[in-house]
Amino acid sequence: MKKKKKQAHITKVLQTSRKIRLGYLSSDFGTGRTRDLLPAFFFWCDRARFDIYAYHTGVEGDTASFAKNATLREIGHHSPQEAAEEIQRDKIDLLVDLSLRMPDDHIRSIMQLRPAPYIVSLAADCPKELAERLPSVEGEKIFSHCYTPFERVQHYTYRPPLLDTGVPSIGVAGELKRDEAEQFVTLVVKLLQDVHVVRLILPARVAEGLSEEDFARIAEAGSEDAVLELVDELPYEVLDLVVGVDVDLVDVCRAADHGVPLLTTEASVCGHRARMLLEKLELIPAYNGAELVAEIGRLLSDQSRLSEFHECLHWRLLDLFDGGAVMFSVERAYSRVFAQMNQEQGAEITKTLLDAASREDWETVLFAAHVLDGMNQLEAELRMSLAWAYYFLGQGSHAGRWALAATGLARDREAARLYLSVISKSPPGTGQEIYERARYGLRLIEEGLPAVPEVRAALLKACMIYAGLVQGGEAASTYTRLYAMQAEKTEMHRLYYGASLFHLNAVDLPAAEVYQRSLHYGELFSDVQPYSHMGRRKKEKIRIGYISGDFRQHVMQYFIWPFLAGFDQGSFEVYVYSLGEPDQFSQFFQTLVTCWRDLSDCNMDMAKIAGKIYRDEIDILFDLAGHTAESGLAALAWKPAPIQLSGLGYMATTGLPAVDYFVTDHYCDPEGGGSEQVYVEKLLRLTSQFCYNGYTHLPASDGAPARHREYILFASFNQYRKIRDDMLVAWRQIMERIPNSRLLLKNSAYQQPGVAMTAYKRLKEMGFDMSRVTFEPGTKDYMMRYLDVDIALDTFPWPGGGTTCDALYMGVPVISYYTERHSTRFSYSILANMGLAELASERMEDYIETAVALAGNLDLLDALHRELRPRMKASPVMDQEGYIREMEECYREIWAQWQAHAESI
């Protein structure tokens with residue numbers, strides 16, 4: 001009777017096609033050991049299929065982040081009966097206990113009252129009579145948790161301390177129960193007998209399980225050179241490895257997140273998920289204690305293998321926990337919990353699904369398909385129907401996952417499958433996987449695979465998006481240009497051809513070749529009729545217009561400040577045309593200028609934007625973005641202002657003849673250097689093309705960190721896509737000549753799945769000692785991280801701009817390399833304007849020598865750290881008053897020239 005009741009329940013849900021109500025039960029939504037395992041259930045859930053409820057049985061902590069993504073009920077002070085009644089009132093279909101080990105008394109008491117038709121527990125030790133276990137999917141056990149820490153480890157232990165101290169440091173993780181103490185002490189005694197010189201660190205969770213006699217036995221076994229330390233929490237930053245005692249998934253995740261390998265025995269692992277993770281991390285549990293001690297000895301003696309664990313574990317962990325992929329499998333397992341129907345019903349549901357698909361009733365398709373999946377009857381064609389249902393319901397990521405699961409389709413369906421796998425804003429897989437999938441699809445189309453134009457366009461776009469990270473600037477530029485060529489709309493062709501030019505900044509090309517490629521951009525506007533400016537109304541003040549998508553939280557905010565806050569209000573009016581999504585910075589900028597136009601709602605209609613600018617009677621229009629994202633450069637083709645400028649945000653000619661001047665300086669484009677031949681614009685040379693508005697609240701460097709640390713830390717905070725192999729070779733040679741030096745690579749790209757490990761393998765193949773290299777994601781406090789850096793290594797051919805200024809402002813000297821091409825000379829210009837031109841070189845050999853020499857002169861390095869900020873503040877690079885006055889003199893001069901010319905006609 002119970003089975004029939006469940007069958008009737010799910011049949012009713014299917015017939016009404018209402019969302020299934022999922023209830024998650026945990027005591028740790030506010031605080032607790034498992035809290036970092038809970039976000040995935042809420043952040044990556046299938047919103048088209050489920051309504052999510054969270055039942056917090058704890059009484060402490062901050063549950064706000066979960067309340068934003070679910071209906072949250074605080075039931076910590078409820079009796080089990082009251083809590084069960086609350087769950088029943090919410091009409092929960094499936095209640096899931098999120099405990100990791102054994103559910104606590106309160107949760108067990110609630111589950112005993114059966115407040116939902118289906119109850120599942122993810123706890124390793126939950127009694128069978130209380131709840132079902134999560135079923136396997138297609139014969140595979142489900143990894144049901146995703147480690148998503150609220151505070152991710154930023155500085156993992158990338159280098160084994162043993163390499164520097166000569167003494168191994170071993171911590172113990174897990175929880176030691178009294179009845180396990182004898183076995184643990186025996187293991188420690190054996191370890192101390194085999195490893196005579198060691199630093200053994202026991203946290204409170206382990207030490208509390210030991211008696212005085214146990215400590216005496218351990219002390220007796222250790223040599224005079226062995227040290228035992230008792231701590232509250234494990235200091236992972238000083239550990240070479242961790243020994244696990246009754247460890248669960250949280251223990252394994254925390255050790256790996258810190259970059260420290262955890263070794264343990266099969267009997268000491270709680271739950272199959274912890275065991276699965278150890279295996280994926282190549283930390284196979286030992287059969288018994290004797291084997292464990294032997295493995296500890298082997299790992300400590302194999303420093304190359306120990307180093308690789310420290311170098312990679314943090315990033316392997318990040319890559320393993322794809323929240324979308326985990327929840328895709330977990331929610332498929334939920335379908336199997338509901339699967340109570342027989343084969344005859346399966347055939348009927350298949351018929352319902354096919355009929356719904358023919359009528360484009362996508363909600364019915366979705367619910368019917370998941371019932372069939374729960375019965376293991378969802379074939380490839382039906383999976384594609386489900387993928388299309390998700391697509392039309394606006395769930396692109398789920399559409400992609402189901403398309404990838406629809407293997408074995410007929411060849412004429414393969415194009416649609418690949419299309420769905422890349423079309424969403426967040427396609428499944430790493431950037432490398434998405435890129436390779438898209439390239440594979442394009443190759444099939446070239447070989448004759450039938451595909452509508454939209455499929456090829458989607459595959460090209462995916463290649464365009466991910467090529468920069470995977471293959472570099474040339475591939476990114478090529479795919480962007482190909483995507484532009486297939487665009488049906490002229491404005492899209494213009495936009496993406498311009499973007500293809502932007503990617504050339506990462507390609508080592510002669511300036512003349514960049515110029516030739518840029519000329520085609522102007523040709524795309526041959527049919528545009530420019531505005532006439534004859535007979536303009538004379539105004540008391542010169543009206544300046546600035547157009548960009550970067551009047552917001554963006555690196556350019558630190559360079560546009562003088563234009564907005566420092567202009568001469570007696571002589572000029574300033575109009576801003578903002579194309580980007582406004583934020584709090586935009587709101588502040590509005591208060592500084594004469595007129596603010598928010599054009600973000602029409603930022604693709606350049607003719608309309610040009611019309612607005614023309615009607616505002618702008619005298620001089622300055623494009624600050626060039627071919628970067630959300631730029632308004634194309635609007636200048638209509639010539640909405642009589643004088644038009646570009647510069648600052650872009651690094652080469654615009655290619656647009658309607659732009660009259662390009663703003664540069666004497667270092668980026670020196671007189672007599674031939675620069676005029678690679679611009680369609682005339683050059684306006686300032687003292688410094690940049691004026692940096694530094695942070696006012698940050699501490700200054702008190703000297704080179706190497707003084708106290710005894711090694712040089714080189715760093716690059718530049719974008720990963722700027723780092724080319726030839727620069728990596730130079731960096732490796734620098735580090736080889738400074739044997740104790742280390743390299744920090746910090747950028748937001750490393751937080752993307754697969755990027756850090758790809759970079760790691762790339763550097764390792766190029767011969768780097770990876771125990772001296774660390775990767776970090778971008779962080780809000782990244783400026784403070786500069787206080788740990790001794791020397792910044794610039795990239796080529798795309799150097800830093802804002803990044804260079806940030807480093808110098810924080811007291812870190814920047815070593816740069818440049819050629820005749822404008823875009824390579826940004827850092828050189830900044831350094832030269834500060835009187836430090838010798839830190840930039842025109843030959844790669846000199847770049848290397850400069851870095852080596854500076855690293856070898858600690859007195860000079862220390863002095864630079866102390867002096868860079870005041871030197872920068874006293875230079876043209878931060879002279880905001882002088883910068884805007886010089887710029888305004890240029891405005892007056894070119895406006896007077898235009899007026900004289902206009903009056904002469």
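**Note on the predicted model: sheets, a cavity and one loop residue**

1. Strands E16 and E17 (residues 682-686) are joined by five bridges and run parallel. The model is predicted, and the points below should be read with that in mind. One register of this pairing is set by Tyr661, which stands opposite Lys682 in E17. On the other partner strand, E15 (residues 643-647), three bridges link to E16, again in the parallel sense. There Leu645 has Tyr661 as its bridge partner. Tyr661 of E16 is thus placed opposite Lys682 and is also the partner of Leu645.

2. Is E16 mostly covered or mostly open? Mostly covered: five of the five residues in the strand, which spans 661-665, are buried. The burial applies to both faces. Tyr661, Val663 and Asp665 point to one side, Phe662 and Thr664 to the other, and all are buried. Asp665 is therefore counted as buried because its relative accessible area is under 20%.

3. A five-stranded open sheet has the order E8-E7-E6-E9-E10, with parallel pairing. Strands E8 (227-231) and E10 (262-263) are at its edges; each has a single partner strand, so one side of each lacks a neighbour in the sheet. E8 pairs with E7 (residues 199-203) over five bridges in the parallel sense, and Ile201 has Glu229 of E8 as its bridge partner. Helix H12 (residues 289-301) lies across E6 (169-174), E9 (241-245) and E10, at about 170° to E9.

4. A second open sheet, of six strands, is ordered E20-E19-E18-E21-E22-E23, and its pairing is parallel. The edge positions belong to E20 (773-776) and E23 (840-841), each with a single partner strand, so each has one side without a neighbour in the sheet. Two parallel bridges join E23 to E22 (residues 814-817), and Tyr817 has Ser841 in E23 as its bridge partner. Helix H30 (residues 755-765) packs on this sheet, touching E19 (742-746) and E20, with a direction at about 160° to that of E20. Helix H34 (residues 844-855) also packs on the sheet and touches E18 (713-716), E21 (791-793), E22 and E23; the angle between its direction and that of E22 is about 170°.

5. How many cavities of 30 Å³ or more does a search of the whole structure find? Seven. The largest cavity holds about 110 Å³ of space. Its lining consists of Thr430, Gly431, Gln432, Tyr466, Leu469, Val470, Tyr720, Gln752, Pro753, Gly754, Val755 and Thr758. Helices H20 (431-446), H21 (453-470) and H30 each contribute at least two of the lining residues, and H21 gives the largest share, with three. H30 thus appears both in this lining and packed on the six-stranded sheet.

6. What is the chemical character of that lining? Six residues are nonpolar, six are polar and no residue is charged.

7. Glu60 sits in the loop between strand E2 (50-56) and helix H3 (64-67). Glu60 is classed as exposed because its relative accessibility is 55%, and the cut-off for that class is over 50%. Neighbours within four places in sequence aside, the contacts of Glu60 are with Gly30 and Thr31. From Glu60 to Gly535 the C-alpha to C-alpha distance is 72 Å, with a separation of 475 residues in sequence.

Notes
Residues are numbered from 1 along each chain as its sequence is written. This is a predicted model: local features need pLDDT of at least 70, side-chain atom pairs count only at pLDDT 80 or more; totals for chains, interfaces and linings use all residues. Side-chain values use heavy atoms; hydrogens and water are left out. Buried means under 20% relative accessible area, exposed over 50%, partly exposed in between (1.4 Å probe, protein chains only). Helices (H or I, at least four residues) and strands (E, at least two) are DSSP runs, numbered from the N terminus. Two strands pair if DSSP finds at least two bridges between them. Contact means heavy atoms within 4.5 Å. Axes are lines fitted to C-alpha atoms, for helices over the stretch in contact, and angles run from 0 to 180 degrees between N-to-C directions. On a 1 Å grid over the protein atoms alone, a cavity is a set of points where a 1.4 Å probe fits but cannot get out, and a pocket is an open set with protein on both sides within 12 Å along at least five of seven lines; lining residues have an atom within 4 Å of a point. Grid points are joined across faces, edges and corners, and a volume is the space filled by probe spheres set on the points. Ala, Val, Leu, Ile, Met, Phe, Trp, Tyr, Cys and Pro count as nonpolar, Asp, Glu, Lys and Arg as charged, and the others, Gly among them, as polar.
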